[in-house]
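Please open your viewer and get ready to make a few selections. We will go step by step, with a short stop at each place.

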Number of protein chains: 2
Amino acid sequence: MERLLMAKKKKVPKITINRLSLYYRQLEMLEAEGENIISSERLASMTQINPAQVRKDLGYFGEFGIRGVGYEIGPLKEQLKRILCVNRIWRMSLVGVGNLGSALLRHQGFYIRGFHFVVAFDSDPEKIGMEVVPGIRIYHVDRINEEIKKFDVQIGVIATPADVSQYVADLLIEADVNAILNFSPVHIQVPDCCLVENVDFTVKLDILTYKVSQQIYGKRDRR
Amino acid sequence: MERLLMAKKKKVPKITINRLSLYYRQLEMLEAEGENIISSERLASMTQINPAQVRKDLGYFGEFGIRGVGYEIGPLKEQLKRILCVNRIWRMSLVGVGNLGSALLRHQGFYIRGFHFVVAFDSDPEKIGMEVVPGIRIYHVDRINEEIKKFDVQIGVIATPADVSQYVADLLIEADVNAILNFSPVHIQVPDCCLVENVDFTVKLDILTYKVSQQIYGKRDRR
DNA sequence: CATTGTGAACTCATTCACAGCG
DNA sequence: CGCTGTGAATGAGTTCACAATG
């Protein structure tokens, strides 16, 4: 078993993974700019995180730095790729080819990072058989089980209206997809074996409006 | 000053606001189903949160429950609306009318909740003057300052490519927009007076792939 | 000698457990 | 009697501060 991928001893906080993803993205940008070395201090300031936090986050997975110098950008980036398991291609399916779904299918950012849509599903008869994006055909949701296995999908992306997202999630799980990225505004119920991440922009808007109201009425709590 | 909007005494954790938004959404659904009363226990199980957590979250803002009974759904929903400051219309502008931007403009969920797009901006000459959605005209980003004031925009939504999002954020701040919902995959730098929430789906995918790899190699850490 | 790596101290968040009350 | 509201106990995550070291 690949031991280096695992955390050293202590449990890795969930939020650490979140931050590793941010570090990774920053390193990609730095590498593109031709940089070679970065200190925890600078990486921290770029991601608006405490330098000790950066070092601790990395420390869960190994010793990647050079004392007195910093971190080599290329190698550190590769380590993060391995830790996050993004040093490979992931095949994804989309369910719900509406406004948002179509935009996700066309979104270049996914492809570049190795997240490839290979098939899409919808319940609208008008859309069945269409290719919103060349190469990605839309099937009826009834065929999820069948096609997901055919296309060897690992990640299901849900972009349906709220009222059917649970139904769709059940179909995906039935088809052995155990990783779901859920854009619908409801928390779906899944068995323990299935992983779900929610992308919930209405919640983000609510947080914004709450904070705006605090700015107006209250003393600002700065950070 | 509206005193009820403020927290009672202790500082409200950021995550509490996140959860309040989830409770609010759940209450909307329950109300639509004709329910009248809910216990912290049931609201908790629906949102996958601990019941004491639910009560504590609400407790920061007042006493909304009836001991021995639970919470009246309608009134509690109204309280949450006031706390989150979503009992009004918020005018938003979109910057970056690409795949994702267009989908956001068309997204019904925003409108229903009182988040109204009133104007959009892009740098592509082809798009200037178009109305992707009836009533919402696209202006050149150079006119952000001017039009934002004309339309009295309170929230700026950034859906541009990463390389221009900081530039666009600066323009919004210049135009006195101090609340930004950022869909671009970079953390933008803003002054203290400006609030930013990031919607970052690549990070969510990275978290998923990390967890999937843990499922395969490690012992599952369940929750 | 600048910067990493990390135990220890601290701060913040969650959960428990029960008093308070309708 | 049942469920809320909340102080107290626990747990998790962050930051400090400094020893270790290339």
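Here is a tour of the DNA surface, followed by a stop at a nonpolar patch; keep in mind that this is a predicted model.

**Stop 1: DNA strand C and its surroundings.** Select DNA strand C and show what lies around it: 25 residues surround the strand. Colour A:Ser40, A:Arg55, A:Gly68, A:Tyr71 and B:Arg19, which are the closest. Of the strand's atoms that come within 4 Å of the protein, 64% belong to sugar and phosphate. If you colour the surrounding residues by character, you will find 10 charged, eight nonpolar and seven polar.

**Stop 2: contacts to the bases.** Now zoom in on A:Arg55, where a side-chain N or O atom sits 2.7 Å from a base nitrogen of DNA strand C. Move on to A:Lys56: a polar atom of its side chain is 3.1 Å from a base oxygen of DNA strand C.

**Stop 3: a backbone contact.** Select A:Gly65 with its backbone shown, and look for an N or O atom 3.0 Å from a phosphate oxygen of DNA strand C.

**Stop 4: the elements involved.** Switch to cartoon view and pick out α3 (51–59) of chain A, plus α1 (14–32) and α3 (51–59) of chain B; these are the elements that give two or more residues to the surface near DNA strand C. Which element gives the most? That is α3(B), with four residues.

**Stop 5: a nonpolar patch.** Finally, select A:Ile37, A:Ile66 and A:Val69, which make a nonpolar surface patch of about 220 Å². A:Ile37 belongs to strand β1 (residues 37–38) of chain A. A:Ile37 counts as partly exposed because its relative accessibility is 34%, and partly exposed covers the range between under 20% (buried) and over 50% (exposed).

Note on methods
Residues numbered from 1 in each chain as written. Chains lettered and ligands numbered in written order. Predicted model: local features only at pLDDT ≥ 70, side-chain atom pairs only at ≥ 80, totals over all residues. Heavy atoms only, no water. Patch = residues over 30% accessible without salt bridge, like charges linked within 9 Å, V, L, I, M, F, W, Y side chains within 5 Å. Areas by Shrake-Rupley, 256 points an atom, 1.4 Å probe, with all protein chains shown as cover. Salt bridge = Lys/Arg side-chain N within 4 Å of Asp/Glu carboxyl O. Buried < 20%, exposed > 50% of the residue type's maximum accessible area, 1.4 Å probe, protein only. Near = heavy atom within 4 Å. Polar contact = N/O pair within 3.5 Å; in protein donor to acceptor, adjacent residues only side chain to side chain. Nonpolar A, V, L, I, M, F, W, Y, C, P; charged D, E, K, R; others polar.
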